[in-house]
Amino acid sequence: MSKKEDVSPTDLEGADIFLKKLYEVIYKLSSISKTQFPRFKKLWNNYFAQDVIKPHIPRQIPFDKQKFLKDDDNKAKTLRITEKAAVDIFYSIRSIVEVLYNEYFPNSELFIKDFSDEDQIILPYICAKDLYGNLLEFLKLEHAITPLKYLIIGKNYLLLKLKGMSTTGIINSLKKSDIKIKYPELTKILREIEKDGIIEIKTKGRGKFSTLNKELKLTKDGEKKYKSLIKPLLEWSTQIWRSFFNIRELNIKILPEYKWCSYLEKVLPRSATQGFSAAHYVIKNLAKYYEMLIKEENED
């Protein structure tokens with residue numbers, strides 16, 4: 001059942017455990033939106049504004065404590081805005097990747113001006129490692145906009161560094177991220193990576209075995225520029241993904257007297273999994289839950 005009649009608009013202690021947790025989660029996400037979304041714009045403008053390249057800026061989430069606690073209509077609307085903000089974040093990260101790999105690399109004026117020839121080879125690999133190596137779900141959902149040779153290193157960097165990988169092993173690793181590639185195509189791409197000096201390919205038994213040839217390391221000047229101009233955007237992506245798409249507090253047991261308790265029992269356990277897909281599913285369906293309550297109340 002809807003608990004709005006039992007809740008003081010100024011006293012969170014009057015709320016049941018589900019409403020408390022929902023309040024805490026949406027308040028947290030609203031706070032993140034107020035601090036981190038403007039920060040993203042600032043980080044972007046710090047470097048890419050000079051090229052007039054526009055990013056996708058997430059919308060902020062307005063949050064009124066009193067209205068949220070006492071009004072189901074406000075809950076539904078706030079949850080819908082939160083759902084859209086979650087999608088915005090995904091597209092903000094996507095816009096970073098699109099600009100890097102479709103406009104900045106390999107030969108934009110800005111890139112060529114700021115990085116040496118040596119760094120120009122290494123930097124796209126480093127960006128893939130620092131982004132896709134941390135956001136495996138994003139890699140699975142959105143990989144078509146990045147050249148495969150960078151994705152291969154981004155995902156498998158540690159394995160290639162520590163013990164190397166067979167070509168079949170790389171194919172299987174990519175398959176786990178829904179990236180399908182055939183042996184001849186992968187062989188060709190691995191030769192490109194070897195030509196860049198990143199890996200060494202040797203024959204082992206009947207197959208080929210790739211190992212990291214050298215650390216992904218920029219020149220001193222390149223490292224300084226990367227850390228001040230580009231890396232903060234990639235770090236923002238990882239941090240926002242891990243904070244905004246972490247709503248594990250909602251993985252709670254629902255009181256049996258709640259209306260459509262079985263619906264909530266189906267939705268809330270998904271919050272135990274961190275990431276975009278799970279968080280988006282939970283927020284979207286909680287908005288739907290309150291919309292159903294409102295519809296029923298209006299029909300009575």
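## Structural report on a predicted chain

D178 counts as partly exposed, at a relative accessibility of 48%; this class lies between buried (under 20% relative accessible area) and exposed (over 50%), using a 1.4 Å probe and protein chains only. The residue lies in the loop between α8 and α9 (183–195), where helices (H or I, at least four residues) and strands (E, at least two) are DSSP runs numbered from the N terminus. The phi angle of D178 is near 60°, a positive value in a residue other than glycine.

The model is predicted, and local features need pLDDT of at least 70, side-chain atom pairs count only at pLDDT 80 or more, while totals for chains, interfaces and linings use all residues. Residues are numbered from 1 along each chain as its sequence is written, and side-chain values use heavy atoms, with hydrogens and water left out.

### The chain as a whole

The secondary structure consists of 12 helices and 3 strands. Taken along the principal axes, the C-alpha atoms fill a box of roughly 70 × 45 × 30 Å. Of the 300 residues in the chain, 50% are buried. The accessible surface amounts to about 15100 Å², as given by the Shrake-Rupley method with a 1.4 Å probe, in which only the protein chains shown count as cover for residues. Carbon and sulfur atoms account for 50% of that surface. When contacts (heavy atoms within 4.5 Å) are taken between residues at least 6 apart in sequence, 70% of them join residues at least 24 apart.

### The sheet

The three strands form an open sheet in the order β1-β3-β2, with antiparallel pairing. β1 and β2 stand at the edges and have a single partner strand each, so one side of each is left without a neighbour in the sheet. Pairing here requires that DSSP find at least two bridges between two strands. Strand β1 (residues 165–166) is joined to β3 by 2 bridges, with S166 standing opposite F209.

Strand β2 (residues 199–204) is joined to strand β3 (residues 207–212) by 6 bridges. Along this pairing, I199 stands opposite L212, I201 has S210 as its bridge partner, and T203 is matched with K208. The two strands form a hairpin with 2 residues between them, and G205 in the turn has a positive phi of about 65°.

### The largest pocket

The largest pocket holds about 240 Å³ of space. On a 1 Å grid over the protein atoms alone, a pocket is an open set of points where a 1.4 Å probe fits, with protein on both sides within 12 Å along at least five of seven lines, and lining residues have an atom within 4 Å of a point. Grid points are joined across faces, edges and corners, and the volume is the space filled by probe spheres set on the points.

The lining comprises 15 residues, and K155, N156, Y157, L158 and L159 lie nearest the pocket centre. Helix α7 contributes the largest share, 6 residues; α7 (148–162) and α8 (167–175) each supply at least two residues. By class, the lining contains 4 nonpolar, 7 polar and 4 charged residues. In this scheme Ala, Val, Leu, Ile, Met, Phe, Trp, Tyr, Cys and Pro count as nonpolar, Asp, Glu, Lys and Arg as charged, and the others, Gly among them, as polar.

### Individual residues

The table lists the relative accessible areas of selected residues.

| Residue | Location | Relative accessible area |
|---|---|---|
| T78 | helix α3 (residues 72–104) | 5%, buried |
| E235 | helix α10 (residues 220–244) | 37%, partly exposed |
| W260 | loop between α10 and α11 (261–267) | 34%, partly exposed |

Leaving aside its neighbours within four places in sequence, T78 is in contact with I26, I61, P62, F63 and F68. E235 and H56 are 179 residues apart along the chain, and their C-alpha atoms are separated by 17 Å.

Two backbone features remain. W260 has a phi near 50°, a positive value in a residue other than glycine. A cis peptide bond, with omega about 0°, joins F105 and P106; P106 is found in the loop between α3 and α4 (109–114).
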